[in-house]
Amino acid sequence: MSAIIRTENLTYTYSPDTPFEKTAVNDVCLEVEDGELVGIIGHTGSGKSTLIQHLNGLIRPTSGRVIIDGQDIWEKGVNLRDIRFKVGIVFQYPEYQIFEETVFKDIAYGPKNMGLDEKQVGERVRETAALIGLDSALLEKSPFELSGGQKRRVAIAGVMAMRPKVLILDEPTAGLDPGGREQVLEEIREYHRRSGSTVLLVSHSMEDVARFATKILVMNHGSVFCYDTPPNVFMRADEIAEMGLSVPQITRVFSLLRKKGIDIRGDVYTVDFALKTINEYIASKGSAREDGHD
Amino acid sequence: MIKDITIGQYFPGNSFVHRLDPRFKIGITAVFICMLFSADTFAGLGVAAVFFIISYGLTGLPYKLMTRSIKPIIPIIIFTGFINLFFIDGVPVIKIFGIIITDEALRVTAFMMIRIILLICGSSVLTYTTSPIVLTDAIESILRPLNKVHFPVHELSMMMTIALRFIPTLIEETDKIMSAQKARGAELDSGSFMNRAKALIPILIPLFVSSFRRAEELALAMECRCYRGGEGRTKLKTLSSGLSDYIALSVSILVLCGVIIINMGKVSILHAYTTI
C-alpha cells in the first residue's frame, strides 16, 4: 500500500515575531496509508487542529512539506482546490457553516463546486443523506429548523458528498448526547467501510477512537508522541495518562491490575477483549494451580 | 491571514507605560498629535520623534512590532507622497520628461511622510499598551461631564466595550467559516467581481446567524446578572491616577511647548533672512 498522506518535517508557527509567537506543530513526519481509519488524539492545544488544516492546504507550513497522493501540495502549479476535493475536512461544530435555504442545497454546495452536473449532484446528495441517516423528507426543509444532531449530520454530509479520498473529521461528536455520539460514530464507520477511503478522526475521547481506528496518532505539544496500531499504543497507556489524556476505563483497570503484580496483558482497550483476556488468564491460572497440585 | 493584523492590538505587559492611567495616556497621545501638527520644521518633528522613541522604549515592546503596524499603510503613505511631489511650486531641482520636481515639493513630501508614520506609531503606543476594555473605561470617565446634558455616556461606552470585545471573536469565527467553506471548494480570491461577491454569501450568512445567536446569549447573560444600565453602577477596577501620571503628562506638554518654541525660532530666522 502507498502512503496517501505524507508530511516531512512539518512545522507551523503562529504569529511569528510577536509576543504571541507559538509553535503549534513541530517537526511532524507522518505517513498515513490508503484506506486506514486513523484516530488522532491529544489534549487541547496539542496541535491536532492545526495539523489537519495543513493536509488540505488551508494553512501553509512555516517549513516542511505536505505530500498528498504523491503530490507536494505547495509545489508550483498545483491547484489547491483539487487538493481540497481530495482531502475533505469537517471542522469542529460544522453546523455553523450551514447557509443554504434547504438541506439538499447545502449538501450540494461542495459537489456543485466540483463542477458536477445536476443529475450527479442529486445522486450524491441523496446517497450521502441516506448513509448518514437523514430522512429524504428532510432534504427540502430549511437546515435552520433541524435539531442540533441533524444539523451536524447535514454538515458532515456536505463534505462526504464530495467523495474525498481522505475524510478528516475534527471532533465530530462534540456537544452531542451519548445516543447521538454513538450514531454519528457508527455512520462514520459505515462510510469508511463502504467507500474504502481513508478517514482521520480527531477526538478527545480515547474510548471513541479506540474501538474503530486501525491506527492511532497521539499528539503532544505539537509533536507526534506515537503513531501505531491501537494495541501497541495502549501498551503505553500509563505514559498517555501522564500526558493528561484519558485512556479507556478498561485499560486503566488493567494497568492497575498489572501494578498490583498480576501478570496480565496491557494492550486491552475494549470490554469484549477484556472479558476474553480475563477468561484466558483465569484458565491459565487454573491450569497452573492444577500443575502445582500434581 | 486576518489573524496577523496588529493594528489596534493589545500586548499585555507591566512596563511604566502599561501602568499609566489610561486617561492620561489618551491625554498624552492627544498632546503628541498636537506636537506633530504644530511642528513646522524638521527640528520640531525630530523632537516629536525623539519623544516617541523614548516612550516606545519605555513600553519594553520589541521595535519589530512597529514595522509590522506600519507595513499595511505604506501604500497610502507612498500615494500621498507621490501626489505631493508633483504639485508644489518652488525651485525646480529635477526635470524628467517635462515633469518638474521642486525643492519645496521634496521637502514637503518628506515632511508629510514622516508625520504620517509618527502619527500611526504614536497612536499604536496607546493601543499596544492599553487593553480595549480599560480604554473604553477611560473614555467613559473622560466623557462623564456630558451626562449633565443627558448624553448616554455609560450606554455608549458599554456598546464600545461589547463591540471591541467581540472583534477578535468575530475575526476568529470568520476565519473558521472561511476555512470550512474553502474546504468545500469555495473560491474566495479568484474569479470575476460578481463571482467573488457571490462567494461571500456562504460566509456572511453563517456569520450573521452566529452573531445573532451570540447577541441573544449575551443579552440573556446580562439579564441573569441583573444588568440595568449605568445608574449607581460601580466598577471592579476603578481608574486611579498618581504622581507618575501627572509627571508623564507634564513632560509631554513641555515637549509640545518646546516644539512650538522651535517653530517660533524658525519664523524669526526666516524673518531675519528676508530683512537682510
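Which residue is the bridge partner of T13(A) in β2(A)? The exercises below begin with this point.

The model is predicted: local features need pLDDT of at least 70, side-chain atom pairs count only at pLDDT 80 or more, and totals for chains, interfaces and linings use all residues. Residues are numbered from 1 along each chain as its sequence is written, chains are lettered from A and ligands numbered from 1 in the order in which they are written, and side-chain values use heavy atoms, with hydrogens and water left out.

**Exercise 1. Describe the sheet of chain A, beginning with the partner of T13(A).**

Solution.

Step 1. T13(A) has T23(A) of β2(A) as its bridge partner. Strands here are DSSP runs (E, at least two residues) and helices are runs of H or I with at least four residues, both numbered from the N terminus.

Step 2. Two strands count as paired if DSSP finds at least two bridges between them. Strand β1 (residues 3-14) of chain A is joined to β2(A) by eight bridges, and the two run antiparallel. Another position in this pairing is A3(A), which stands opposite E33(A) in β2(A).

Step 3. β1(A) also pairs with strand β4 (residues 63-68) of chain A, in the antiparallel sense and over five bridges. Here R6(A) stands opposite I67(A) in β4(A).

Step 4. The strand order in this open sheet of four strands is β2-β1-β4-β5 (chain A), with antiparallel pairing. β2 (22-33) and β5 (71-72) of chain A are the edge strands, each pairing on one side only.

**Exercise 2. Characterise the contact between domain 1 and domain 2 of chain A.**

Solution.

Step 1. Chain A is assigned a domain 1 (3-231) and a domain 2 (248-294); such bounds come from an automatic or database domain assignment. The centres of domain 1 of chain A and domain 2 of chain A, taken over C-alpha atoms, are 37 Å apart.

Step 2. Contact (heavy atoms within 4.5 Å) involves six residues of domain 1 of chain A and five residues of domain 2 of chain A.

Step 3. Buried area is the accessible area (1.4 Å probe) that two parts lose on being put together, summed over both. For domain 1 and domain 2 of chain A the buried area is about 480 Å², with 73% of it on carbon and sulfur atoms. In domain 1 of chain A, E207(A), A210(A) and P231(A) lose the most area to domain 2 of chain A, together 69% of what that side buries.

Step 4. The count of salt bridges (a side-chain nitrogen of Lys or Arg within 4 Å of a carboxyl oxygen of Asp or Glu) between domain 1 and domain 2 of chain A is zero.

Step 5. On the side of domain 1 of chain A that touches domain 2 of chain A, α7 (206-212) and α8 (230-234) of chain A are the elements that give two or more residues. The largest share, four residues, comes from α7(A).

**Exercise 3. Characterise the contact between domain 1 and domain 2 of chain B.**

Solution.

Step 1. Chain B is divided into domain 1 (1-130) and domain 2 (131-241). Domain 1 of chain B gives 12 residues to the contact, and domain 2 of chain B gives 14 residues.

Step 2. The C-alpha centres of domain 1 of chain B and domain 2 of chain B lie 29 Å apart.

Step 3. These two domains of chain B bury about 1,200 Å² between them, and carbon and sulfur atoms give 74% of this area.

Step 4. Between domain 1 and domain 2 of chain B there are zero salt bridges. α2 (22-38) and α6 (103-129) of chain B give two or more residues to the side of domain 1 of chain B that touches domain 2 of chain B. α2(B) gives the most, with four residues.

**Exercise 4. State how many salt bridges lie between chain B and chain A, and describe this interface.**

Solution.

Step 1. The contact takes 26 residues from chain B and 28 residues from chain A. Chain B and chain A bury about 2,200 Å², with 60% of it on carbon and sulfur atoms.

Step 2. There are two salt bridges between chain B and chain A. The side chains of D106(A) and R184(B) meet in a salt bridge (3.4 Å, N to O).

Step 3. On the side of chain B that touches chain A, α4 (64-70), α8 (153-183) and α10 (201-224) of chain B each supply at least two residues.
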